[in-house]
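Me: Please take a close look at the salt bridges in this model. I would like to see which residues pair up and how buried or exposed the partners are.

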Amino acid sequence: MKKNLSLFFLFCFFFSCIRAQEADSTKIMGEVVLKAYEQNRQLRQIATAVNYISQQDLKRSNNMSVLPALNNTPGVRMEERSPGSYRMNIRGSTVRSPFGVRNVKVYWNGIPFTDPGGNTYLNQLSYYNFNSIEIIKGPAGSLYGAGTGGAILINSMPELQKKEIDLRYLYGSFGANNIDAQWNGGNDKIRNVINYSHQNSNGYRDHTSMRRDIATWQMQMKASQKDQLNFNFLYGDLYYQTPGALNKTEYKNNPRQARPAAGGFPSADASKAAIYQKTGLLGISNNYHFNDRFENTSILYGAISHITNPTFRNYEIRREPHFGARTVFHWTPRTKNNFIQVVFGAETQQGYFNTKDYGNVNGHADTIQINDNIRNSIFSLFAQADLHFKNDWNITAGVGSTESYIRITQLEAPPPPPQKRTYRNELAPRLAISKKLIGNFWLYGSISKGFSPPSVAEVLPSTSIISTSLNAEHGVNYETGFKSSWLRQRLYVEVNAFYYELKNAIVQRRDASNADYYTNAGSTHQKGIESQASYQFFKDPKAFITHARIWISYTLYNFRYHDFKQLTTDYSGNKIPSVSPNTVAAGTDIDVKHGFYANLTYYYSDPIPMNDANTDFASSYNLLGARIGWKKTISTKNLLELFGGVDNAFNVTYSLGNDINAAAGRYYNAAPGINYYIGAALKIL
């Protein structure tokens with residue numbers, strides 16, 4: 001690790017000593033305008049830790065997943081246990097997320113993409129459904145409802161409003177294919193973007209085939225200068241096999257194998273373990289300007305997910321219809337000396353879920369074991385005031401309040417009484433202060449409180465034991481940092497430090513059959529430093545090297561249980577599982593004359609604890625990836641791009657998506673070894 005720290009400080013020294021070029025400066029990351037916390041301000045002026053991922057950042061890798069781009073940013077870890085099986089955490093641990101994305105509030109084009117049960121089917125979005133991503137780190141309950149794990153704002157609308165057709169194809173190792181077609185058309189009053197994406201792969205491991213088809217339609221209509229209507233439709237059909245985790249011996253002997261039969265349970269292949277997942281979403285939003293100082297954006301949506309999941313333990317079928325609404329008001333009162341913006345609104349979601357568990361006989365549903373109706377709802381109120389004073393002082397004060405409700409009715413004969421629980425949080429405030437000191441150097445500090453009720457999957461885990469006694473977790477986050485651009489705005493540097501106290505932390509455990517369940521772990525202390533820097537050498541279309549940039553991000557975490565006892569076992573002081581103490585991501589981007597370009601990416605992770613006892617650790621690993629390509633304008637209008645690349649060039653054996661606290665040490669889900677891809681894209685104007 002010392003070698004990696006030396007690399008980090010060498011980069012910083014290099015950045016501070018290098019002289020700026022004479023070419024015209026270009027827009028740096030700090031100047032990008034973000035929507036986070038409804039402030040619509042430049043990144044360096046927002047008094048909180050926000051990661052921004054642009055379209056160019058997404059295009060640096062293989063065009064099959066946003067995972068590399070997200071993991072290149074500090075404080076974010078996205079995992080893929082098998083193709084199509086995603087996990088996500090922001091500035092934290094995946095002990096709450098053995099499957100899927102939980103405790104992170106996700107919005108897609110302003111629509112709540114996280115369902116009222118607390119789960120997010122992020123795998124129902126293809127790579128081409130992301131145009132830019134804003135990641136808010138730390139509790140965001142002052143504006144984005146309950147949650148201690150942050151928020152993600154996804155924008156899929158292309159920035160340019162012009163008529164064009166995009167056709168894209170990629171072929172890669174392990175039988176990977178990715179086909180995408182997009183039509184973007186319209187005029188100043190109405191605009192349509194229609195996209196279809198297909199992806200399939202045989203997978204690196206045995207029993208890891210996947211197929212995904214996503215269709216989206218987005219429409220913007222301007223009824224007048226004051227009124228705009230937005231329409232969003234999404235349908236996704238996803239299938240992927242789940243190979244199961246391996247123990248250390250199996251992982252070392254053959255990391256590509258699927259989970260074998262063990263302990264009276266069949267193998268992953270014999271049980272036909274897989275996910276069949278279909279999701280439909282329809283959302284309508286309206287933005288109306290009452291006048292130049294008062295406007296409203298209101299969203300109404302409905303969605304349904306249908307999941308069939310045969311496993312080595314059972315055969316589960318879930319049907320999850322839900323709907324919701326969100327309204328946000330912006331008011332800018334008239335003031336003489338100071339600028340004030342007030343944001344207030346509400347969000348509500350209602351779900352009517354049904355879960356059935358059957359026995360699994362060779363991949364077919366057998367005798368029914370569980371039939372539960374689950375009614376869940378969540379309601380949030382929020383308000384925020386932004387004050388911009390003279391001498392570049394800024395203060396943001398916000399507060400939110402959320403109430404969630406879950407009611408589980410077991411449809412048995414005779415049916416037992418329904419089990420229910422209401423989670424009411426006290427006010428979740430956030431206070432942030434920033435000051436521009438010299439030049440473009442911004443210093444900020446913030447304090448925020450978070451509240452996160454258990455998700456439906458945590459109250460009703462795979463043990464099928466209802467846990468309405470599970471309590472919500474609460475936390476307070478203290479943070480300070482700076483954002484600055486130097487050397488004629490070519491160098492952007494951002495560093496933040498935080499201290500997060502979490503009480504009643506929800507953590508995942510596993511029983512002897514490897515079924516997951518959840519418990520409150522007392523309290524945790526989470527300390528960290530996150531940093532990133534990028535340097536734009538130049539951007540000159542007339543030079544041989546038309547564009548060159550280097551960047552680096554570094555994360556240092558010390559996450560430990562402060563007070564956590566399980567019966568007679570005391571884990572207090574232990575490291576929280578699934579968290580890497582040190583991670584480094586770095587890269588360079590170069591464009592040369594005649595349309596050639598190259599992207600190089602390096603990633604390092606420290607050893608990761610695999611259980612609460614800290615007796616087992618996943619090994620550290622180094623990854624290297626590269627992409628080269630060529631772009632050429634043909635027929636005066638159309639743009640052709642050819643590209644190819646390699647991931648995991650060192651052919652490292654590592655696990656990406658560990659099963660934490662797994663019984664019998666079944667932690668490991670091997671990630672692909674060295675793999676290649678080639679592709680082509682044609683833009684028709």
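Reply:

**Salt bridges and their surroundings**

Four residues, Asp57, Arg60, Arg549 and Asp589, are joined in a network of salt bridges. The model they belong to is predicted. In total, the structure has 22 salt bridges. Side chains with opposite charges can pair when the charged atoms come close to each other.

Strand E12 is a good place to begin. One salt bridge joins the side chains of Asp166 and Lys683, with 2.9 Å from N to O. This pair connects distant parts of the chain: Asp166 is in strand E12, residues 164-172, while Lys683 is in strand E40, residues 675-684, and the two are 517 residues apart. Asp166 counts as buried because its relative accessibility is 6%, under the 20% limit. Lys683 has a relative accessible area of 24%, so this residue is partly exposed.

Strand E12 also holds Arg168. The side chain of Arg168 forms a salt bridge with that of Asp180, at 2.6 Å from N to O. Asp180 sits in strand E13, which covers residues 176-186, and the two partners are 12 residues apart. With a relative accessible area of 19%, Arg168 is buried, because buried means under 20%. Asp180 is buried too, at 2%.

A further salt bridge is made by the side chains of Arg211 and Asp213, where the N to O value is 3.1 Å. Here Arg211 is partly exposed, since its relative accessible area is 28%. Its partner Asp213 has a relative accessible area of 16% and is therefore buried.

Asn440 offers another kind of side-chain pairing. This residue lies in the loop between strand E24, residues 428-436, and strand E25, residues 441-452. Asn440 is buried, with a relative accessible area of 18%. Its side chain makes a polar contact with the side chain of Ser485, at 3.4 Å. Leaving aside residues up to four places away in sequence, Asn440 touches Arg44, Lys483, Ser484, Ser485 and Gln489. Ser485 is thus one of the residues that Asn440 touches, as well as its partner in the polar contact.

To return to the pairs: Asp166 is buried and Lys683 is partly exposed. Arg168 is buried, and so is Asp180. Arg211 is partly exposed, whereas Asp213 is buried.

Note on methods: Residues are numbered from 1 along each chain as its sequence is written. This is a predicted model: local features need pLDDT of at least 70, side-chain atom pairs count only at pLDDT 80 or more; totals for chains, interfaces and linings use all residues. Side-chain values use heavy atoms; hydrogens and water are left out. Helices (H or I, at least four residues) and strands (E, at least two) are DSSP runs, numbered from the N terminus. Buried means under 20% relative accessible area, exposed over 50%, partly exposed in between (1.4 Å probe, protein chains only). A polar contact is a pair of N or O atoms within 3.5 Å; within protein, one must be able to donate a hydrogen and the other to accept it, and residues adjacent in sequence count only if both atoms are side-chain atoms. Contact means heavy atoms within 4.5 Å.
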